[in-house]
Amino acid sequence: MRATSAKSESLVLDRRSFLAGAAAAFLMPVTVTLSSRPAAAATTGVGAYIRIDDTNTVTLITGQTEMGQGIGSGLAQIMAEELMLDWNQVRFEHAPVNPAAYGLPGWGVQLTGGSTSTMMWYTPLRTASAKAAARLKAAAALTHGGSADQWSLVVGGKLKHATYGEKTFASVLGKIGNTSEPASVSFIGTKRIVGQPVRRLDLAAKVDGSAIFGMDVMLPGMVFASVVHCPTITGTVKSCPTSASGALAVVNLGDAVAAVAKNTWSAMRIANSLQSKVTWTIPADLAQLDSTALAAAAQALQDASAPANLKAYETAGTPDDKLGQLDVTYKTPFLAHACMEVLNATVSVTKTNNVVSFVELWLPTQGQSFVPATVRSVPGLGTLTDSQIKVNSMLCGGGFGRKIEQDYVLQAVKIAVAVGKPVKLTWSRPQDFKNDKYRPYASMHVRMGGDVNGIKAMVYRNVSASINFQHGSNPEDTGAVAGAVKLPYAIPNRRVEFTPLPTGVPLGYWRSVGESYNTFAVESAIDEMALAQKQDPIDYRLRMLSGDQRATALLQKLKASSNYTGMKSGQRGVAFLKGFNSYVAVALEIALDSSSRIKVTKAHYVIDCGVVINPNAVEAQMQGGLAHGIYSALYSRVTFAKGVPDVKNFSNYRVLRPREMPKVTVDILQGAPDTAMPGGVGEAGVPCVAPAIANAYARLTGTRVRELPFHPGMTMSD
């Protein structure tokens, strides 16, 4: 990506010298230099999504954010297939903010989340690429002769004619403006690029240090800022100093105080020193910000026969008189996003006659659609048009849903307006952890009845803090019951309920959202029923899969795999998910160390995600989902004592060490027709991990764990 000033001067970061002295970065601030970027080749757009330059390089323009999941490359593979490109001539770039053109098809919102990117863009991008191919053929006819239908695409970004020979795409661009899109197209139907393990387009730059993430952006004359928030979440500034030693400025942001300095480290140090000098207004109802009080409130809502705002999301038959075998409650904690790249934003404002007339932002963001409204919410900026707001989407060092939010963007804009200079805001790691938008706490009461042939009745109630009540973006809060409704299992009598848990804890979308906690409850409960009936856990599930051939094939594949049979049966657990338009099953083998702590030793995934764009990317997402799922299930939680979060840093928010990563194998079921819709994979690897561990632990020890995490309080020193 390109880092530009408010006047769009092209700049590039020289990070190699920075990396060479990386060890020194832990001891002293590092000055990162800027140099001019070489002039780019002239490009021509062929529709909104495709640009071709005079070197015959073809670039995909995508509204989806690349944050390590490989979406830029995956979508580029779809384009490359239809245009018969060589992979070495393909690139991708982030699009400007334009939801009408680059928003998710059918949604009209430019954001990256919910494992929707490939799923929703597969057919529209194939169509756009096929239309571009038709226009290139028409341009070739206008440029060289013949008719459009006499020209055909050949591999390498070329067109071929029986008389005029082969011509590059670049050679016909001069006539593209004289062509129009066809009303309909047919697809090429090959799998030369799609379905192949081609290399990621962004990896080389990430390895050699030339890739530019949000934190890497540097602008001429830029100053640096960091913030400190109230120790009690959602507290606001009552009064604060107007200056501080070493600070260029101190800015009251309402929800925080910013320190502006000559470098990021100084800004963080000064911001931290301001903590004791700021007077804060503390929220009045601390019970809604206290983990112990919230757990008690959740239990009261579970015990009530008709709690406030109770809604049944799925009903069938008469379940209440067919229960009796299982009556248990599962609980999952608040969780932080813990992205490797902390929240940051760079903003430059331009003034005309002392009035802000242009705002340019460089953001690691998943929520481009929401940025213009965020800018206009700042006093004095409400009349800015979309053309006066430019958003440069940067590479993200992880997102997991956190970077959909706009709190850090709003702060950076306010600071830039206050100081009148380009500013880079960087939150410190403690501020990032302590002021997250947390995954909701959830309590799930499950009652079941059944026999050796499966579950005949289920009543399920989820009580959790509602993202909807804070965001207002999902009128029925279907995310709160995702993973508990539309199950592949044929349970003839069932009722799935949700009632929101009132809380002031800031909530957000966390990787796999509702599936991350409901799958833990559902798949644990099914396993408990199988154990009680002395049934094989996979066979028990298979008997309930009525007419779902994909689900049946997946579980049969898992049971037949040598990676499954090679696990120790008394230490093995399984779980299954139908979600994100994909099917995923995982088997885990666990062991206990000398302190009776769980270690996952082996893992085997089977996934059916429909059309596979890149098998390496699918495998990588299962591996990453496994690591994320393991540490979240074993160690992670955030608790609040009267609004003060206990989490401080990775020191007490334990993640998986490299040596703790188990051996993992992945089987990908392929063969879906190319007209089928791809499923999501970015989130699908996470939800099954916790229940599979719980199921393995129950077999190994005879003890059923129903509240996560398994090992609360463990730190990185343990």
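Strand β19 and strand β20, which covers residues 389–393, pair in the parallel sense over 5 bridges. Within that pairing, V359 has I389 of β20 as its bridge partner. Please keep in mind throughout that this is a predicted model.

On its other pairing, β19 meets strand β18, residues 344–352, in the antiparallel sense, over 7 bridges. Here the bridge partner of T350 is F358 in β19. The two strands β18 and β19 form a hairpin with 2 residues between them. In that turn, N353 has a positive phi of about 55°. How many of the 9 residues of β19 are buried? The number is 7, so the strand, residues 355–363, is largely enclosed by the rest of the structure.

I turn next to strand β23, residues 454–464. Of its 11 residues, 10 are buried, so β23 too is largely enclosed by the rest of the structure. Its antiparallel pairing is with strand β22, residues 442–451, over 10 bridges. One pair in that ladder joins H445 to R461 of β23. The connection from β22 to β23 is a hairpin through 2 residues. Its parallel pairing is with strand β24, residues 493–500, and comprises 8 bridges. There, A457 has N493 of β24 as its bridge partner.

For anyone who wishes to follow side chains along these strands, a general remark applies. In a regular strand, side chains alternate between the two faces of the sheet.

Let us now consider a sheet at lower residue numbers. In what order do the 4 strands of this open sheet lie? The order is β4-β5-β6-β7, with mixed pairing. The edges are formed by β4, residues 43–45, and β7, residues 90–94, each of which pairs on one side only. On average, neighbouring strands of this sheet are turned by 30° against each other, direction ignored. Helix α2, residues 71–83, packs on the sheet and touches β5, β6 and β7. The direction of α2 makes about 130° with that of β6, which spans residues 58–62.

At the β4 edge, 3 bridges join this strand to β5, residues 50–53, and the two run antiparallel. T44 stands opposite I52 in β5.

The loop between β5 and β6 contains N56. This residue is not a glycine, yet its phi is positive, at about 70°. Is N56 buried or exposed? With a relative accessibility of 8%, under the 20% limit, N56 counts as buried.

A second residue of this kind is S512, in the loop between β24 and α12, the helix of residues 515–532. Phi of S512 is near 85°, again a positive value in a residue other than glycine. The relative accessibility of S512 is 0%, so S512 counts as buried.

There is also a notable peptide bond. The bond from L708 to P709 is cis, with omega near 0°. P709 belongs to the segment after α17, the helix of residues 689–701. As background to these backbone details, most residues other than glycine have a negative phi, and most peptide bonds are trans.

My last individual residue is Q571, located in the loop between α15, residues 562–565, and β25, residues 572–579. Its relative accessible area is 18%, so Q571 falls under the 20% limit and is buried. What does the side chain of Q571 reach at 2.6 Å? The partner is the backbone oxygen of I590. Not counting residues up to four places away in sequence, Q571 touches L588, E589, I590 and A591, together with A696 and L700.

I close with the protein as a whole. It has 17 helices and 30 strands. Its radius of gyration is 27 Å, close to the 27 Å that the globule rule gives for 718 residues, so the protein is as compact as a globular protein of that length. Taken along the principal axes, the C-alpha atoms fill a box of roughly 75 × 75 × 45 Å.

Buried residues make up 56% of the 718 residues. Among contacts with a separation of 6 or more, 75% come from residues 24 or more positions apart. Finally, the accessible surface of the protein comes to about 27,800 Å², and carbon and sulfur atoms account for 53% of that surface.

Key
Residues numbered from 1 in each chain as written. Predicted model: local features only at pLDDT ≥ 70, side-chain atom pairs only at ≥ 80, totals over all residues. Heavy atoms only, no water. Pairing = 2+ DSSP bridges. Axes fitted to C-alpha atoms, helices over the stretch in contact; angles between N-to-C directions. Contact = heavy atoms within 4.5 Å. Rg over C-alpha atoms; globule rule 2.2 N^0.38 Å. Buried < 20%, exposed > 50% of the residue type's maximum accessible area, 1.4 Å probe, protein only. Areas by Shrake-Rupley, 256 points an atom, 1.4 Å probe, with all protein chains shown as cover. Polar contact = N/O pair within 3.5 Å; in protein donor to acceptor, adjacent residues only side chain to side chain.
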